[in-house]
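Reader: Hi! Could you walk me through the ligand site and the empty spaces in this one?
Author: Happy to, let's bring it up.

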Amino acid sequence: MANVSFEYFPGRSGEATNLLQETVAVLSAYQPEFQSVTFGAQGSEKNATFDTVQALARSSGVPTVSHLTYSGLDRGQVDAFADALWEAGLKKLVALRGDASFQNGGSPAFRDTAEFVRSLLEAHPFDITVACYPETHPLSESSEADLEVLKAKQEAGASAAITQFFFDNSVFYDFVERARAFGITLPIIPGILPIHNFPKMCKMAGKCGATVPEFVKNAFADGHCAGSTPYEISAELLKAQVHDLACAGYETIHIYTLNRVPLADVAAETFLDAHKDLTRAVA
Ligand code: FAD
């Protein structure tokens with residue numbers, strides 16, 4: 001059955017926390033398979049993540065999942081966080097390396113993310129999702145090395161992978177094909193980023209190694225000339241992207257909401273409606 005999941009980050013002020021609660025209340029209407037809460041770089045917001053996961057699970061009734069990164073934390077801190085999640089009944093998590101501080105002197109809690117996944121599973125039988133990179137992680141030696149890392153995470157026991165955001169679906173389809181040929185069998189869930197602010201998104205894409213294709217750049221340039229608002233341009237791009245994923249047979253998308261309803265709702269609604277239309281057409 002077609003489904004969506006939503007990603008949030010912890011509110012950094014009372015006002016931001018209220019906005020997050022309102023967003024979650026609205027987006028819960030799409031009955032997401034789960035919603036996830038990010039973990040601040042170097043564990044900077046680990047208490048905020050834990051509190052947010054618990055608050056959102058209670059208030060929305062939606063299965064809520066914590067991200068957990070090990071970069072910048074010692075083994076004891078990681079284990080304590082994982083134990084606390086398990087004891088709170090949070091049995092699914094997104095396990096990640098995080099952006100490294102140990103490159104600047106510290107030593108990592110785990111040799112790699114596969115070892116991290118294995119260690120989490122030795123402690124508790126979590127359902128673990130990991131990350132993957134259709135356009136290759138910017139620090140990876142090669143696309144093949146990146147697939148090796150994903151395969152190692154699968155072999156360590158990860159049950160699914162969510163992709164870094166991308167805009168050109170053909171890049172994603174090609175990645176899935178290469179991953180399958182490499183022996184990667186776990187579900188690969190497309191990560192979808194609504195564009196709220198084009199220049200900011202371009203900066204973020206640069207850091208993440210995600211390409212902003214010409215057709216996206218042209219849509220903003222041409223749309224601007226034709227008098228469309230940035231919201232209208234983003235909504236059209238998003239609708240086309242998720243409709244195409246539905247038609248290609250993808251049953252789930254993960255939406256990076258940036259804690260906002262607008263555009264996340266467009267992505268969810270378009271994707272779920274496209275699946276309803278496809279089901280009706282087959283019946
Ligand atoms: P790995 O699986 O360990 O590696 C993936 C690839 O990156 C491999 O090719 C690996 O070789 C390469 N790589 C990564 N780091 C290094 C390094 N230091 N040296 C050499 N190669 C390296 N970050 C957060 O801080 N908090 C979050 O909540 C969070 N959530 C995310 C959710 C998703 C779905 C995605 C896609 C990313 C998220 N990130 C988050 C970002 C993530 O932590 C970074 O992309 C990180 O650099 C890699 O994490 P990973 O678990 O994918 O790494």
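Author: We can start with the ligand and then turn to the pocket and the cavity.

Author: One thing to keep in mind is that this is a predicted model.

Reader: Good to know. So how many residues surround the ligand, and which are the closest?
Author: The ligand has 23 residues around it, and the closest are Asp99, Thr113, Tyr133, Asp146 and Lys153.

Reader: What's the mix of nonpolar, polar and charged residues in that shell?
Author: The shell around the ligand has 10 nonpolar residues, 9 polar ones and 4 charged ones.

Reader: What does the side chain of His67 do there, in terms of distance to the ligand?
Author: An N or O atom of the His67 side chain sits 2.9 Å from an oxygen atom of the ligand. Backbone atoms come in too: a ligand oxygen is 3.0 Å from a backbone N or O atom of Gly98, and a ligand nitrogen is 2.7 Å from a polar backbone atom of Phe39.

Reader: Nice. And how much of the ligand does the protein bury?
Author: On its own the ligand exposes 940 Å², and the protein buries 87% of that.

Reader: Which elements give two or more residues to the shell?
Author: Those are strand 3 (64-69) and helix 5 (143-156). Helix 5 has the largest share of the shell, with 3 residues.

Reader: Okay, changing topic. What lines the second largest pocket?
Author: The lining of the second largest pocket is made up of Met1, Ala2, Asn3, Ala29, Tyr30, Gln31, Leu272, His275, Lys276 and Thr279. The space in this pocket is about 240 Å³.

Reader: Which helix gives the largest share of that lining?
Author: Helix 10 (residues 264-282) does, with 4 residues. By class, the pocket lining counts 5 nonpolar, 4 polar and 1 charged residues.

Reader: And cavities, how many of 30 Å³ or more does the structure hold?
Author: There is 1 cavity of 30 Å³ or more, and the largest cavity has a volume of about 40 Å³.

Reader: Which residues line the largest cavity?
Author: Tyr133, Pro134, Glu135, Thr136, Gln164, Phe165, Cys208, Gly209 and Ala210 line the largest cavity. These divide into 5 nonpolar, 3 polar and 1 charged.

Reader: Tyr133 rings a bell. Where did that name come up before?
Author: Well spotted! Tyr133 is among the closest residues to the ligand, and Tyr133 also helps line the largest cavity.

Key: Residues numbered from 1 in each chain as written. Predicted model: local features only at pLDDT ≥ 70, side-chain atom pairs only at ≥ 80, totals over all residues. Heavy atoms only, no water. 1 Å grid on protein atoms, 1.4 Å probe; cavity = no way out; pocket = protein on both sides within 12 Å on 5 of 7 lines; lining within 4 Å. Points joined across faces, edges and corners; volume = space filled by probe spheres on them. Nonpolar A, V, L, I, M, F, W, Y, C, P; charged D, E, K, R; others polar. Near = heavy atom within 4 Å. Polar contact = N/O pair within 3.5 Å; in protein donor to acceptor, adjacent residues only side chain to side chain. Areas by Shrake-Rupley, 256 points an atom, 1.4 Å probe, with all protein chains shown as cover.
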